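Student: I'd like a close look at a single part of this one, please. Take me to wherever empty space is left, and then follow the structure outwards from there.

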Amino acid sequence: MKIMVVGGGGREHAIIKKINENKLVDKIYSISSNLAFQELAEVVDISVKDIEKVKEFAKTNKVDYAIVSMDDPLVLGMVDELQNAGIKCFGPNKNAAIIEGSKSFSKDLMKKYNIPTASYEVFDDSDSAKEYLKNQQMPIVIKADGLALGKGVIIAQNLNEALDAVDEIMVDKKFGDSGLKVVIEEFLEGPEVTVLSFTDGNIVVPMISSMDHKQAYDGDKGPNTGGMGVIAPNPYYTNNIAKICMDTIFNPTIQAMKKEGRIFKGCLYFGLMLTKNGPKVIEYNCRFGDPEAQTILPLLKSDLLTIMMNVTNEKLSDTDVIFSNAASCCVVMASDGYPISYKKGFEITFDEKIKDNLIYAGTTIKAGKLVTNGGRVLGVVETAENLKTAIDKAYETVSKVHFENAYYRKDIGQKALKVIK
């Protein structure tokens, strides 16, 4: 089989590594500019947003199956175009990907179908948003409505910060057209949990829970990032909470999308807050999280490609989705200055023995050498029989990777360890 994976980040490298385990895979095409992938895939430098060119490449090269795993091409409708060209895909159609593409859509969906979430209001002009904020309790959360690389969320501690956030998003257009509308919502407190899930539009099969670390610096300080590290499973996510989430969030979301004529097939990401009033949805993503995918996929014992194809064919109920009982830790090695400004082009060196534990993200090959080419450069992933050992192993492996300007958080997983008896 010829497989095409659209995207060139850490998530896509983790997916490529996993589907490469399937013996039916003859060739993998990576639609990206990340030449570091070339050991496992043929790298095809086409923009992930150029749907027409990607479609023509897939047709010309007789691709059997496509995995569209990035938010932009999903929200733009790449799956629809590939399907129209006769190519089966993993990933939601455009009308379902809106669950991530528009936060106001997802909040209205939850309100309509009584799916627990924070109270909120939506604004399409900055003056009205600011007027509303003057009478609200702080802290408060201001979100750009559209896609913003996981960075379009600002938690304002006081009114001045909240007003500045509105200006940043709506007036200064820091996130472009994603900030034409803002969602202002109640600040929720409690442990955060991420649950990725497979769904074929009929049933939902949750994967192992995880804990992301979004802020740039230790102690959850600094600006929001795309994610500085993840541990799995998340000890706050008990069997009892899992059942509540299935009954009040996971199944209701899938059925709500079905009732709206927006059948969701692919990976649906549930970002949850475990509040004193029960689990609530912070956000949905229409694809695997990054770096959650890097952390969770190494624990998957079942064949990923088989699961994906059965999702496409609406046969998930007949599919074994089995994870190991081990734990996993991913520490993201970034370029110092990320997510604001940073330099690229530094050579990356490491002990060859740890190569299988490295996930390439902001990387490429220049003059035959692996070099940095982004903010989040590498994911260092280790698994073990328990979480503490997985964390210790991950940091030991980090110490064997070197590049100028390297930065990483030193406290990934420490919050989780505090609640494990």
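**The cavity and what lies around it**

Tutor: Let's start with the walls: the lining of the largest cavity is made up of seven nonpolar residues, two polar ones and one charged one. Keep in mind that this is a predicted model. The residues that do the lining are Val68, Ser69, Leu74, Phe90, Gly91, Pro92, Cys267, Cys286, Arg287 and Phe288. Arg287 is the charged member of that set. Since Gly counts as polar here, the polar pair is Ser69 and Gly91.

How much space is there inside? The largest cavity holds about 40 Å³. A search of the whole structure turns up one cavity of 30 Å³ or more, so by that cut-off there is no second one to chase.

Now, where do the walls come from? The chain splits into domain 1 (2–91), domain 2 (125–180), domain 3 (192–318) and domain 4 (327–418). Domain 1 and domain 3 each supply at least three residues to the lining of the largest cavity. Domain 2 is worth placing too: its centre is 34 Å from that of domain 1, going by C-alpha atoms.

The stretches that feed the cavity aren't the whole story of how this part is put together, so let's look at some packing. Helix 1 (residues 10–19) packs against helix 11 (residues 304–312) at an angle of about 105°, with 8 Å between the axes. The two helices are therefore roughly perpendicular to each other. From helix 1, Ile15, Lys18 and Ile19 come up against Leu304, Leu305 and Met308 of helix 11. That contact is made of five nonpolar residues, no polar ones and one charged one.

Just ahead of helix 1 there's a glycine to check. Gly8 sits in the loop that runs from strand 1 (2–6) to helix 1. Beyond its neighbours within four places in sequence, Gly8 touches Ile31, Ser32, Asn34, Phe37, Met70 and Ala361. Gly8 also reaches a long way along the chain: Thr364 is 356 residues away in sequence, yet the two C-alpha atoms are 9.8 Å apart.

Moving along, you meet another helix pair. Helix 5 (residues 94–101) and helix 6 (residues 103–112) cross at roughly 95°, and their axes come within 6 Å. That makes helix 5 roughly perpendicular to helix 6. Ile98, Ile99, Glu100 and Gly101 on the helix 5 side meet Lys103, Phe105, Ser106 and Leu109 on the helix 6 side. By class, the contact has four nonpolar, two polar and two charged residues.

There's an open space to set beside the closed one. The second largest pocket has a volume of about 360 Å³. It is lined by 18 residues, and those closest to its centre are Gln137, Pro139, Glu186, Phe187 and Leu188. Strand 9 (residues 182–186) is the top contributor, giving three residues to the lining. The class count for this pocket is eight nonpolar, five polar and five charged. Domain 2 and domain 3 both give residues to that lining, so the pocket lies between them.

Pro139 deserves a second look for its backbone. Most residues other than glycine have a negative phi, and most peptide bonds are trans. The bond from Met138 to Pro139, though, is cis, with omega near 0°. Pro139 belongs to the loop between helix 7 (126–133) and strand 7 (140–144). Another cis bond joins Asp290 to Pro291, where omega is about 25°. Pro291 is in the loop between strand 16 (278–285) and helix 10 (292–296). Finally, Lys173 has a positive phi, near 55°, in a residue that isn't glycine. You'll find Lys173 in the loop linking helix 8 (159–171) to strand 9, and strand 9 is the element that gives the most to the lining of the second largest pocket.

Note on methods
Residues are numbered from 1 along each chain as its sequence is written. This is a predicted model: local features need pLDDT of at least 70, side-chain atom pairs count only at pLDDT 80 or more; totals for chains, interfaces and linings use all residues. Side-chain values use heavy atoms; hydrogens and water are left out. Domain bounds come from an automatic or database domain assignment. On a 1 Å grid over the protein atoms alone, a cavity is a set of points where a 1.4 Å probe fits but cannot get out, and a pocket is an open set with protein on both sides within 12 Å along at least five of seven lines; lining residues have an atom within 4 Å of a point. Axes are lines fitted to C-alpha atoms, for helices over the stretch in contact, and angles run from 0 to 180 degrees between N-to-C directions. Helices (H or I, at least four residues) and strands (E, at least two) are DSSP runs, numbered from the N terminus. Angles under 35 degrees count as roughly parallel, over 145 as roughly antiparallel, 65 to 115 as roughly perpendicular and the rest as oblique. Contact means heavy atoms within 4.5 Å.
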